[in-house]
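Here are my comments on the model you sent. I have kept to the open and enclosed spaces, the cysteines and one helix.

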Amino acid sequence: MTEHAPPPAETDTRDWTFVIDEGCEQCGYAPHDPATTAQRLLALPSRWNAVLRRDDAAVRPRDGVWSPLEYAGHSRDLAIALGERITAMLDAQNPTFADYDGEAEAVRGEFWAADPAQVAREIEQGTGASAAVFDRVTDGDWDRTGQRSDGFTFTVATLSRYLVHDLEHHLHDVDG
């Protein structure tokens, strides 16, 4: 870890799976048609580029809250991880997914010290790769399942909603 590492951000312990059916009052997300997931993912890199070009991209708005750069790094990783999970659901029957600790990943990856331009390129690559996964999804695949380590069962359709909400919500976090 670098010498100037900020203190860890406040841990969010909410189970955000409610957004799959209920949407999110906080950011305005409404459950979308999963067939539009790829288009929604492909719309995100330009928005993240604008955020990461800001002079304050690496500045935390207050103690315990990630900077836009840290949120971008987290969103990049989620785009990739959840795309990989959907791929696993298409390739295997009901796979189980390892725990994902976003704060631990942010610390391990020193997201606060990342190059914003590089993160912007990686978001474009990650969302593009995840969007491409949806080229494989057929009508019969939307109900394929995968389980989080806590036992929560996603379908390809519900995980696509979870993914889009998460990435759009973090844009709201840095703009809201």
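The points below take these topics in turn.

1. Status of the model. This is a predicted model. Please read each point below with that in mind.

2. The largest pocket. Its volume is about 1,300 Å³. A total of 44 residues line this pocket, and D12, W16, W66, H74 and H170 are the closest to its centre. Three elements each give two or more residues to the lining: helix 4 (68-91), helix 5 (102-108) and helix 7 (156-175). Helix 7 gives the most, with nine residues.

3. Character of the pocket lining. The lining of the largest pocket is mixed in class. It divides into 17 nonpolar, 12 polar and 15 charged residues. Any figure of this pocket could be coloured by these three classes.

4. The enclosed space. A search of the whole structure gives one cavity of 30 Å³ or more. The largest cavity has a volume of about 30 Å³. Its lining consists of P6, P7, P8, R60, W66, E70, E103, A106, V107 and W112. Helix 5 supplies the largest share, three residues. By class, seven of the lining residues are nonpolar and three are charged, with no polar residue.

5. A residue shared by both spaces. W66 is among the residues closest to the centre of the largest pocket, and W66 also lines the largest cavity. Helix 5 likewise contributes to the pocket lining and to the cavity lining.

6. Cysteines. How many disulfides does the structure hold? Zero. Why is there no bond between C24 and C27? The sulfur of C24 is 3.7 Å from the closest cysteine sulfur, that of C27, which is too far for a bond. The cut-off for a disulfide is a pair of cysteine sulfur atoms within 2.5 Å. Seen from C27, the closest cysteine sulfur is that of C24, again at 3.7 Å. The two residues also sit in different accessibility classes: C24 is buried, with a relative accessible area of 4%, whereas C27 is partly exposed, at 21%.

7. Helix 6. This helix covers residues 116-133, 18 residues in total. From first C-alpha to last, helix 6 reaches 26 Å, close to the 26 Å expected at 1.5 Å a residue. Which residues of helix 6 are buried? They are V119, A120, I123, G126, T127, S130, A131 and V133. Seen down the axis of helix 6, these buried residues fall within an arc of 140 degrees, so they line one face of the helix. In general, an α-helix has 3.6 residues a turn, so residues three or four places apart point the same way.

Note on methods: Residues are numbered from 1 along each chain as its sequence is written. This is a predicted model: local features need pLDDT of at least 70, side-chain atom pairs count only at pLDDT 80 or more; totals for chains, interfaces and linings use all residues. Side-chain values use heavy atoms; hydrogens and water are left out. On a 1 Å grid over the protein atoms alone, a cavity is a set of points where a 1.4 Å probe fits but cannot get out, and a pocket is an open set with protein on both sides within 12 Å along at least five of seven lines; lining residues have an atom within 4 Å of a point. Grid points are joined across faces, edges and corners, and a volume is the space filled by probe spheres set on the points. Helices (H or I, at least four residues) and strands (E, at least two) are DSSP runs, numbered from the N terminus. Ala, Val, Leu, Ile, Met, Phe, Trp, Tyr, Cys and Pro count as nonpolar, Asp, Glu, Lys and Arg as charged, and the others, Gly among them, as polar. Buried means under 20% relative accessible area, exposed over 50%, partly exposed in between (1.4 Å probe, protein chains only). The expected span of a helix is 1.5 Å times one less than its number of residues. The arc is that of the directions from the helix axis to the C-beta atoms.
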